[in-house]
Each structure stands twice: as structure tokens, then as C-alpha cells.
Amino acid sequence: MVDEHRGLVRVEKSAKRVRAFLGGEAIFDTIHPRLVWEVPSYPAYYIPEADVRTELLAPSDTVDRSPSRGNARYFHVKGGDRTAEDAAWQYPDSPIEELRGLIRFQWDAMDHWFEEDEEVIVHPRSPHARVDILASSRHVEVFLGDVKVADSHQPRILFETGLPPRYYVPLTDVRMDLLVPSEKTTRCPYKGTANYWSVRVGGDVVQDIVWTYRSPLPESQKIAGLVCFYNERVDLSVDGVSQERPRTKFS
């Protein structure tokens, strides 16, 4: 596998078959995608132009410039009776030679993305990211101020590349009387769709600090129905030792 580095952008070849659909039509189908890290935390797919149904692309008047990738030329994408405006772009004269014959598609403008025959959500799964979920008997306590909101001897600890350990505990080990249902949901390409609660302590409500994956993706089934608190926003004790609050984008 060959990498090309230019400034903050990294390009890797992938061996996966990748497809995206809009309005019931396959917009592209490739076995030669490129993974491009435009930001450090996760990659985007760039697709060889030869594998794109370019008759479904219409040039747009939108222009943009990236300091690292160069001038972008945009396209509207038509699939079935749907049109996604400015949903694809390319850098035909990019200083990063690897990008010049590729087309980038806006992830959430497409209806469905597939790696091989499995649907993928949010963004491509990075080959350099790993999620391990381990059963544990460590004693986990969660506090908001002076109020203990969870106490468990049967956590499952989720270790994910680039993030602090997450302690998932049974709902029955949580003060359910303090939980306030939230409308918030988030999605993760490794775990699935999370539903949230806020926590009411005294007269205060701390928003959206508890979540669960009711129906996680197959590789994360071990956390199905368990709940987790943001380490960054609660006081956490493990085996009687207070844990320092980590500083992440969720702080």
C-alpha cells in the first residue's frame, strides 16, 4: 500500500469495493477507491473518474479552493428523480498528483454507501482505527457533583483509537430516576446509532451526557443496551481511584 503525503493530506489505496446510491441508482462502483485524510480523525473516499457514471454529473458554478488540494470544480449529482446540488467535486490540477483523476462525493448527500455488500454510515471506516470491547469486573462509579448516578461491578470497557476508554454499564446500575429522555441521536461507523438522556440533579439538568446503542452494528454487539457517560463531563471513579477528566472534542 502506497501513501502520498502533501502537507496535512494523506492518500492511501484501498482494496474494498465501494458504491454509493442516490435515488435508487448507483452513482459509482469501484474496486480502486482512495482513502484521503483531509482531517486527522477520519478519511473520505475519493473515486476514480473512470468508475463514476459521469453522465449523472452536471457541472456547477460553485468554486472553492483548498490550500493543500488546490482549486475544486463542483458538480450536481442526479440519481433517479433526485438531484443533490454541489454533491461532488474534483481537483483536476491539484498539487497532490494522486487526487487529479479522482472525484470526491459528499457523504450525506448520497442515500446509501456500501463497502463490499455492507452499508456504512457517517464516514469510511479507517484501517488505522480499532474498537475493542472487553468484559470487566472493575468497580465503576459515576458522580455529578455529590450525587452518585451509577455504580457497577460489571462494566464493558470500550477502547477506541484516539479516544479515552468508555465504561458501558447495565441500565439497572444507573439511577434511572435521574434520567431525562433526549431527542438527540448520533451515529458512528463502528458502533451504529446512539440515543441519549440528560441527567437531572437537584434543580439542574445536564444535557445529553448519557447514551446507549440499542441495536449496535455487529462488531459492537457487546455494548447492546448498556449505557455510557461522557468521561469528559462527569466525575468517574474506577476501583476507588478518581479518574482525571480527559480533554477531547466532547469536553
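This note goes through the cores, one strand pair and the two largest pockets of a predicted model.

1. The largest nonpolar core. This core holds 24 residues. Ile27, Phe28, Val77, Phe105, Met110 and Trp113 have the most contacts inside it. Seven strands each give the core at least two residues: S3 (18-22), S4 (25-30), S5 (34-37), S6 (44-48), S8 (70-79), S9 (82-90) and S10 (102-105).

2. Ile27 as an example. Leaving aside residues up to four places away in sequence, Ile27 touches Ala20, Phe21 and Leu22, and also Val52, Arg53 and Leu56. Further along the chain, the residues touched by Ile27 are Val77, Lys78, Gly79, Phe105 and Met110. Among these partners, Val77, Phe105 and Met110 are also listed with Ile27 as residues with the most contacts inside the core.

3. The second core. A separate core is made of 21 residues. Val142, Val174, Val199 and Val201 are among them.

4. Strands S7 and S8. Strand S8, already named as a supplier of the largest core, pairs with strand S7 (residues 57-66). The two run in the antiparallel sense, and the pairing covers 7 bridges. In one of these bridges, Arg65 has Asn71 of S8 as its partner. The link from S7 to S8 is a hairpin of 3 residues.

5. The largest pocket. The space in this pocket comes to about 750 Å³. Its lining consists of 30 residues, and those nearest the centre are His123, Glu160, Leu163, Lys249 and Phe250. Strands S16 (156-160), S17 (166-169) and S18 (179-188) are the elements that give two or more residues to the lining. S18 provides the largest share, with 4 residues. Sorted by class, the lining has 16 nonpolar residues, 7 polar ones and 7 charged ones.

6. The second largest pocket. Here the volume is about 370 Å³. The lining has 22 residues, with Gln106, Trp107, Asp108, Val122 and His123 nearest the centre. At least two lining residues come from each of S6, S10 and strand S11 (112-115). By class, 13 lining residues are nonpolar, 3 are polar and 6 are charged.

7. Links between the points. Which residue lies among those nearest the centre in each of the two pockets? His123 is listed for the largest pocket and again for the second largest. Strands S6 and S10 also appear twice: each supplies at least two residues of the largest core, and each supplies at least two residues of the lining of the second largest pocket.

How values were computed. Residues numbered from 1 in each chain as written. Predicted model: local features only at pLDDT ≥ 70, side-chain atom pairs only at ≥ 80, totals over all residues. Heavy atoms only, no water. Core = buried A, V, L, I, M, F, W, Y, C linked by side-chain atoms within 4.5 Å. Buried < 20%, exposed > 50% of the residue type's maximum accessible area, 1.4 Å probe, protein only. Contact = heavy atoms within 4.5 Å. Pairing = 2+ DSSP bridges. 1 Å grid on protein atoms, 1.4 Å probe; cavity = no way out; pocket = protein on both sides within 12 Å on 5 of 7 lines; lining within 4 Å. Points joined across faces, edges and corners; volume = space filled by probe spheres on them. Nonpolar A, V, L, I, M, F, W, Y, C, P; charged D, E, K, R; others polar.
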